[in-house]
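Biologist: I have a new model open and would like a guided tour of it. Could you take me through its charged pairs and its helices, step by step?

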Amino acid sequence: MKKVLSLAAMMLLAVAGLSACTAKNNQHANNKSTESQTNNEVMDMKGKKVLVAYFSWSGNTKHAAQYIAQKLGADEFEIERVKPYPTDYTPCTEDAKAEKEAGERPAIKGKVKDIAQYGVVFVCVPVWWYTAPMPVFTFLEQYDLKGKTVIPFCTAYSGPSSTLRDIEAATPNSTHAEGLCIVTKEQGGQGMEAKHDRIDKWLTKIGF
């Protein structure tokens, strides 16, 4: 009888452990994009011309994107909606939500000159309603990114949700290096200097 009870206790502990591991894995699954780069791709990264494309509303993503561009000597392109979003937080979130739910691809300003020259494209965005803002998808669908390495990056209040994966899904013919999410409670780029070390380590990890 003692053996039966011990076996039952062990089984319960195993199930509990599996549940804990599953919950932990689910919790962290959204905190990274698919690590699809090979060792050779990491080795080759430094020889490629880099574009840092970014969308920013509060200034956090702009700060991070410009830091990445400065570190890598990369070109920059700011993704801007032709019709600007409201400057107040709540109206902006309402506008963004309606746009997402309708699956819109809002018009954006400007174009990248000679996208073919870039071997690597960083796509830097804030997390809006669990994904990237819709103008980012307008940008991604405008260009032929086949064969390029697309690297997703996001800033968020709590976590990336599906943002990094959604950028990868929107560029199915590209190679994807591991993305990064920077979580911050600040706006306007405040406190982003404290995130530079993490960005530096990430850039080194993916081959820069």
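Modeller: Here is a short round of questions and answers on this model.

Modeller: This is a predicted model, so local features need pLDDT of at least 70 and side-chain atom pairs count only at pLDDT 80 or more, while totals for chains, interfaces and linings use all residues. Residues are numbered from 1 along each chain as its sequence is written, and side-chain values use heavy atoms, with hydrogens and water left out.

Biologist: Thanks! In what pattern do the helices and strands follow each other along the sequence?

Modeller: Helices (H or I, at least four residues) and strands (E, at least two) are DSSP runs, numbered from the N terminus. The protein has seven helices and six strands. Read along the sequence, they give the pattern α-α-β-α-β-α-β-α-β-α-β-β-α.

Biologist: What share of the residues counts as buried?

Modeller: Buried means under 20% relative accessible area, exposed over 50%, and partly exposed in between, with a 1.4 Å probe and protein chains only. Of the 208 residues of the protein, the buried share is 41%.

Biologist: How many salt bridges does a search of the whole structure find?

Modeller: A salt bridge is a side-chain nitrogen of Lys or Arg within 4 Å of a carboxyl oxygen of Asp or Glu. Searching the whole structure with that rule, the number found is seven.

Biologist: Let's look at one of them. Is the arginine 81 side of its bridge to glutamate 99 buried or exposed?

Modeller: Arginine 81 and glutamate 99 form a salt bridge, with their closest N and O atoms 2.7 Å apart. The pair links distant parts of the chain, 18 residues apart: arginine 81 is in the loop between β2 (75-78) and α4 (89-101), and glutamate 99 is in helix α4. Glutamate 99 has a relative accessible area of 3%, so this residue is buried. Arginine 81 is at 8% relative accessibility, so the answer for arginine 81 is buried.

Biologist: Which residues are linked with Arg81 in a network of salt bridges?

Modeller: The Arg81 and Glu99 pair is part of a wider set. The residues linked with Arg81 in this network are Asp95 and Glu99.

Biologist: Which residues does lysine 109 touch, leaving out those up to four places away in sequence?

Modeller: Lysine 109 lies in the loop between α4 and β3. Lysine 109 and arginine 81 are 28 residues apart in sequence, with C-alpha atoms 6.2 Å apart in space. Contact means heavy atoms within 4.5 Å, and by that rule lysine 109 touches Phe77, Glu80, Arg81 and Val82.

Biologist: How many residues apart are arginine 105 and glutamate 141?

Modeller: Arginine 105 forms a salt bridge with glutamate 141, and the closest N and O atoms are 2.9 Å apart. Arginine 105 is in the loop between α4 and β3 (120-126), glutamate 141 is in helix α5 (residues 134-142), and the pair links distant parts of the chain, being 36 residues apart.

Biologist: Which elements do the buried residues of α5 pack against?

Modeller: α5 is mostly covered, as seven of its nine residues are buried. Among them are Val136, Phe137 and Phe139. The buried residues of α5 pack against β1 (50-54), β2, α4, β3 and α6 (163-169).

Biologist: On to aspartate 197 and lysine 201: in which helix do both lie?

Modeller: The two side chains meet in a salt bridge, aspartate 197 to lysine 201, at 3.3 Å from N to O. An α-helix has 3.6 residues a turn, so residues three or four places apart point the same way. Aspartate 197 and lysine 201 are four residues apart, about one turn of the helix, and both lie in α7 (residues 196-205).

Biologist: Why are α3 and α7 called oblique to each other?

Modeller: Two packed helices are described by the angle between their axes and the distance between the axes. Axes are lines fitted to C-alpha atoms, for helices over the stretch in contact, with angles from 0 to 180 degrees between N-to-C directions. Angles under 35 degrees count as roughly parallel, over 145 as roughly antiparallel, 65 to 115 as roughly perpendicular and the rest as oblique. The axes of α3 (residues 60-72) and α7 come within 11 Å and cross at roughly 50°, so the two helices are oblique.

Biologist: Which residues of α7 meet α3?

Modeller: On the α3 side, the residues taking part are His63, Ala64, Tyr67, Ile68, Lys71 and Leu72. On the α7 side, they are His196, Ile199, Asp200, Trp202 and Leu203.
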